[in-house]
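Got the viewer open? Let's take a walk through this one together, one selection at a time.

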Amino acid sequence: MGVTGLPALKRWMLTTRAGRIALVAPRAALATRQAGIFGSIRRIAGWSIRSRELANFTYATTRDSDRLLAGVMAEIARRPLSEMLTYIDELAADSELADYVVAETSRSANRWSMDPVFLPGRRLAFYLAARALKPALVVEAGVDKGLGAVLVSRALARNAAEGHAGDYLGIEYDREKPIPLYANYPGRIGTIVRGDSVEILRGLGRPVSLFIHDTTAAADHMRAQLATVDPMMETSGLIASTWTTESLVDHAVATGRRLLSHQEEPAGHWFRGDRVGFLWGFGTPPPCRTSETAPPPSG
Ligand SMILES: C[S@@+](CC[C@H](N)C(=O)[O-])C[C@H]1O[C@@H](n2cnc3c(N)ncnc32)[C@H](O)[C@@H]1O
């Protein structure tokens, strides 16, 4: 039906300036409903009372979000999606690790600023990458309380049991910050050093298989860190960055690295989730078949 066939009121709204103004309030109501603003306000109110966290939040992610992350990792690792899903499921079923994290959080001196829960959030990407790639050395820049460090330790322990031993190095800038989750974890692997990640990387002298960037998103820092770690990456290595920022994309463009990103979807939390970026392809890229290099068509 064309505009001319519409009832008079509808035609007036769709075809006149006054109608366009009259639609502002209904459109605002539509956007508010679709953006879920009231749900967010409810979640913020509940979280403000329930949670103790101030930064570096813990939160659950939806099953869809986890399955899409698995899809991204399957592409990077060139392994079946079903295998990635088994890694996600084994972590979800890991009650021993969950109990440890909850108990340790509850007895920590920092318990008034930590939630006694086991919700990996974006650190699921670290666990999955460590399981999928069987890295010889994982370096995590930015450790905080050590939740990522514990998850990586768990992944490395499972890899070792399957015949692929690997090591972990955490780098934490804050010299005073307690790292209770890692420090007290009986199954911890590797070590944590204190200092600036760029400085520590410069003196590392070992190839890195999996580099986790979880420090800050400051552009200068990201550029310096990427420039430092890139030449240290194993050919089959992976950089997982908590931030898919312009600096990460610029680095991928300048170096020809491959790039994928996963926007996670938290469940029941006001936090909108991180966009975890992945850079890989540190070997010599295969020659590109362009129109100049392709052989002329036969016949
Ligand atoms: C988002 S938290 C890390 C979260 C952690 N990976 C986890 O799994 O929960 C960021 C941490 O990076 C540290 N940090 C910031 N700048 C850094 C730098 N240049 N070198 C090393 N650590 C840094 C901060 O002190 C903070 O503890």
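Between which two helices does the loop that holds D94 lie? Select D94 and follow the chain both ways: the loop runs between α6 (81-92) and α7 (95-107). Helices here are DSSP runs of H or I with at least four residues, strands are E runs of at least two, and both are numbered from the N terminus.

Before going on, a word on what you're looking at. This is a predicted model, in which local features need pLDDT of at least 70 and side-chain atom pairs count only at pLDDT 80 or more, while totals for chains, interfaces and linings use all residues. Residues are numbered from 1 along each chain as its sequence is written, and side-chain values use heavy atoms, with hydrogens and water left out.

**The whole chain**

Zoom out for a moment. You should be able to pick out 13 helices and 9 strands. The C-alpha trace spans about 75 × 75 × 40 Å along its principal axes. Of the 299 residues, 44% count as buried; that label means under 20% relative accessible area, exposed means over 50%, and partly exposed is in between, using a 1.4 Å probe and protein chains only.

**Back to D94 and its neighbouring helices**

D94 has a relative accessible area of 5%, so it counts as buried. Now add R154 to the selection: D94 and R154 are 60 residues apart in sequence, and their C-alpha atoms are 9.8 Å apart in space.

Next, click on E83, which lies in helix α6. E83 is buried because its relative accessible area is 15%. Show side chains here, and you'll find that of E83 in a polar contact with the side chain of Y87, at 2.7 Å. (A polar contact is a pair of N or O atoms within 3.5 Å; within protein, one must be able to donate a hydrogen and the other to accept it, and residues adjacent in sequence count only if both atoms are side-chain atoms.)

Move on to V101 in helix α7. Is V101 buried or exposed? With a relative accessible area of 1%, V101 is buried. Draw a line from V101 to R78: they are 23 residues apart in sequence and 32 Å apart in space, C-alpha to C-alpha.

**Two positive phi angles**

Stay on R78, found in the loop between α5 (63-77) and α6. R78 counts as exposed because its relative accessibility is 76%. Look at the backbone too: phi of R78 is near 55°, a positive value in a residue other than glycine. Most residues other than glycine have a negative phi. K134 is another one to select, with a positive phi of about 50° although it is not a glycine. You'll find K134 in the loop between α8 (123-133) and β2 (137-141).

**Two more stops**

Select A165, in the loop between α9 (147-161) and β3 (167-172). A165 counts as exposed, at 64% relative accessibility. P135 is 30 residues from A165 in sequence and 8.0 Å from it in space, C-alpha to C-alpha.

Then jump to D250 in helix α13 (residues 246-255). D250 is partly exposed, with a relative accessible area of 43%. Its C-alpha is 25 Å from that of A70, and the two are 180 residues apart in sequence.

**Last stop: the ligand**

Which residues come nearest to the ligand? Of the 19 around it, they are E140, E172, K177, D196 and D214; to be near, a residue needs a heavy atom within 4 Å. The shell divides into 3 nonpolar, 8 polar and 8 charged residues. (Ala, Val, Leu, Ile, Met, Phe, Trp, Tyr, Cys and Pro count as nonpolar, Asp, Glu, Lys and Arg as charged, and the others, Gly among them, as polar.)

Now look for backbone atoms. A backbone N or O atom of G148 is 2.9 Å from an oxygen atom of the ligand, and a polar backbone atom of D144 is 3.4 Å from a ligand oxygen. At S197, a polar backbone atom lies 2.9 Å from a nitrogen atom of the ligand. Taken alone, the ligand exposes 600 Å², and the protein buries 87% of that (areas by the Shrake-Rupley method with a 1.4 Å probe).
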